[in-house]
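Please open the model in your viewer and keep the sequence panel in sight. The tour below proceeds from one selection to the next.

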Amino acid sequence: MNIPTNLKYTKSDEWFDPATGAMGITDYAQSQLSDIVFVELLVEEGDTLEAGKPIASVESVKASAEIYAPAGGKVAAVNKGLADKPEAINSDPYGEAWMIQLEGAAEGDLMDSAAYEKYCAERTH
Amino acid sequence: MINAPEQTKVKIVEPTIFDLSSPGRTGVTMPASDVPETALPPEELLRPDLPLPELAEVDVVRHYMHLSSFNYSVDSGFYPLGSCTMKYNPKINEDTCRLPGFLYTHPLQPIETVQGNLALMYQLQEWLKEISGFAGVTLQPAAGAHGEFTGVLIMRAYHKSRGDHKRVKMLIPDSAHGTNPASSGMMGLQVVQIPSDSRGNVDLKALEAACDDTVVGMMLTNPNTLGLFDENIEKVIELVHNCGGLMYGDGANLNALLGIVRPGDLGFDVMHFNLHKTFSVPHGGGGPGSGPVGVAAHLVDFLPEPLVGIIEEGEDDMPPLYGFVKPAKTIGRMKAFHGHFGGGMVRAFTYIAMHGPDGLRDISQYAVLNANYLQARLRGTYKIPYDRICMHEFVAEGRFEGSDVRALDIAKRLMDYNFHPPTNYFPLIVHEALMIEPTETENKDTLDAFADALIKIAEEAKTNPEVVKSAPHTTKFGRMDEVKAARELVLCCWLPENYSDQ
């Protein structure tokens, strides 16, 4: 399980990069969902978000899932190419598959990588 | 013990009907016309470019006979698809729904000419009321989700009629069928998810916290999709009622309760039935389903119109005159005519009439016994995450310590043993879920053969995981590329670019 130490994490399995404001879903989330076949971003550049608001909808062959904003703030950028390449969420969840970038982000209640690793381990048993 | 059949690599693939076409072949030879010829429609409406296949009748019949032999159905084998209640459909249903009096009627006929049909619908309404403990039933909804939509419309109309306009939230447990949030969403309601506790019941603390005066109600399946009867059901209903909300029952799992528990007696306000699950109407293949809705006394006035009612009471040997009645505050029509009459109501009526009250109770008792028997046989080989006495179905985990075999692989491998796979990856709150519902119609030999196959597959997952991960091997087609099918949607055999832009 890949859990980068420089990122922060939500209980609903999103990652957030405090340095850049970027966010997406974690390696754990993509492995649980299995092959992602569809992704739709629900927000646009310039939108103002509260933490916990749905920002994307993701479908795999197993299930569909809502993705929530890990932090509040203004949407500075959205990854427009992602809709045409949903498989990037499986292959590169922390890189190519970033979903949106937030500006002036007010972090919600986020975990560090150690806490998130423990949280994932608890759920696999 | 049973063994997996030899792995045959011979694949017999049936070409598409377009591949079988040859220019100039015709289906039938027409005799000389004995009626005057009329002109074709105007030329601009004619479509010479349509790629209609050209085949003889015998080729068409053989093509579809071949395809039908590839099918797996409840008539060809065990079909333990959890939450779907794929019970055997007795063949007497097929006789009754083809009786000429039922078959050759039209929904717009004068009521005096269809009294038999109306009497059947009236009696079915009465029976469903008796079975469920509700005060009124509509037979209109075309399927389960349509019944949910009808029920939620009734709940909303009830609140509105009381001038209570601030209710916008529907409470739905995390074990719910996806149709529940979808039906609420279609109504523009906000869905609030309520977690399950460690025993698979609704988490009472979370429910209590969510209950306030903005709640329309709660949609609950009981027994739930884990196959568990909520141990606190009375408390759950009390919490929802105390905040002014209504309790909606998803009747998908009614097969566990017939003649034992009546949802209306528990305090549910609304519930849909699935005649195509519980009452042996054929299920699958895209319908027609049938999703009647029952309501408690305070909601009867809101039922869709028309209901079947008695217009004139009978006397001595004179039967009553049946007709259509309109509830006082009806939400309106849910369907153009009266619901799925021959396909749904006549079959369900036959099933209930053939079983009677004691027979219906037997159905549920055997359904629950069969599920518990299978659960007991698989316990120890498969992890049962919510391990309690189950109702008519249960959920196991399709994964093993130190193995990368998954629920999907187990499901595919079951096809090599000639069983339809159970529901997998649902409910979402179980890892690698395998949701197994044997139904009451299966005998012990079938249940044992199925359990043996699952136990054998668990062994294979350790000793020969590749054979499981690449299954099925004995079907006409091997493992389908589900990812490609979902990512590259091609729903038409004739691609849009082939259409000339005239």
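Begin by selecting A:Ala71 and A:Glu107, for A:Glu107 in strand 9 of chain A is the bridge partner of A:Ala71. Strands here are DSSP runs of E with at least two residues, helices are DSSP runs of H or I with at least four residues, and both are numbered from the N terminus. The model is a predicted one, in which local features need pLDDT of at least 70, side-chain atom pairs count only at pLDDT 80 or more, and totals for chains, interfaces and linings use all residues. Residues are numbered from 1 along each chain as its sequence is written, while chains are lettered from A and ligands numbered from 1 in the order in which they are written.

**The sheet of chain A**

Extend the selection to strand 8 (residues 71-78) and strand 9 (residues 100-107) of chain A, which pair in the antiparallel sense over six bridges. Two strands are said to pair if DSSP finds at least two bridges between them.

Next, add strand 5 (residues 48-49) of chain A, which pairs with strand 8 of chain A in the antiparallel sense over two bridges. One of the residues to mark is A:Leu49, whose bridge partner in strand 8 of chain A is A:Gly73.

Turn then to strand 3 (residues 22-25) of chain A, which runs antiparallel to strand 9 of chain A and is joined to it by two bridges. Here A:Ala22 has A:Gln101 in strand 9 of chain A as its bridge partner.

Which order do the six strands of the open sheet in chain A follow? The order is 1-2-3-9-8-5, with antiparallel pairing. Strand 1 (8-9) and strand 5 of chain A each have a single partner strand and stand at the edges, so one side of each lacks a neighbour in the sheet.

**Chain A as a whole**

Now display all of chain A, which has three helices and nine strands. Along the sequence, the pattern is β-β-β-α-β-β-β-β-β-α-β-α. The radius of gyration of chain A is 13 Å, close to the 14 Å from the globule rule for 125 residues, so chain A is as compact as a globular protein of that length. This radius is taken over C-alpha atoms, and the rule is 2.2 Å times the number of residues to the power 0.38.

Of the 125 residues in chain A, 38% are buried. A residue is buried if 20 or more other C-beta atoms, placed from the backbone, lie within 10 Å of its own.

**Where the chains meet**

Show both chains: six residues of chain B are in contact with six residues of chain A, contact meaning that C-beta atoms placed from the backbone lie within 7 Å. The side of chain B that touches chain A has four nonpolar, no polar and two charged residues. Nonpolar denotes Ala, Val, Leu, Ile, Met, Phe, Trp, Tyr, Cys and Pro; charged denotes Asp, Glu, Lys and Arg; the others, Gly among them, are polar. The predictor gives the complex an ipTM of 0.76 and a pTM of 0.88.

**Inside chain B**

Select B:Met345, which lies in helix 10 (residues 341-378) of chain B. B:Met345 is buried, with 26 other C-beta atoms within 10 Å. Beyond its neighbours within four places in sequence, B:Met345 is in contact with residues including B:Leu120, B:Leu139 and B:Ser290. The C-alpha atoms of B:Met345 and B:Leu139 are separated by 8.0 Å, although these residues are 206 apart along the chain.

Finish at helix 1 (residues 57-69) of chain B. Among the 13 residues of helix 1 of chain B, the count of buried residues is zero.

Terms used:
Buried ≥ 20, exposed ≤ 12 C-beta atoms within 10 Å, placed from the backbone. Expected span 1.5 Å × (residues − 1). Contact = placed C-beta atoms within 7 Å.
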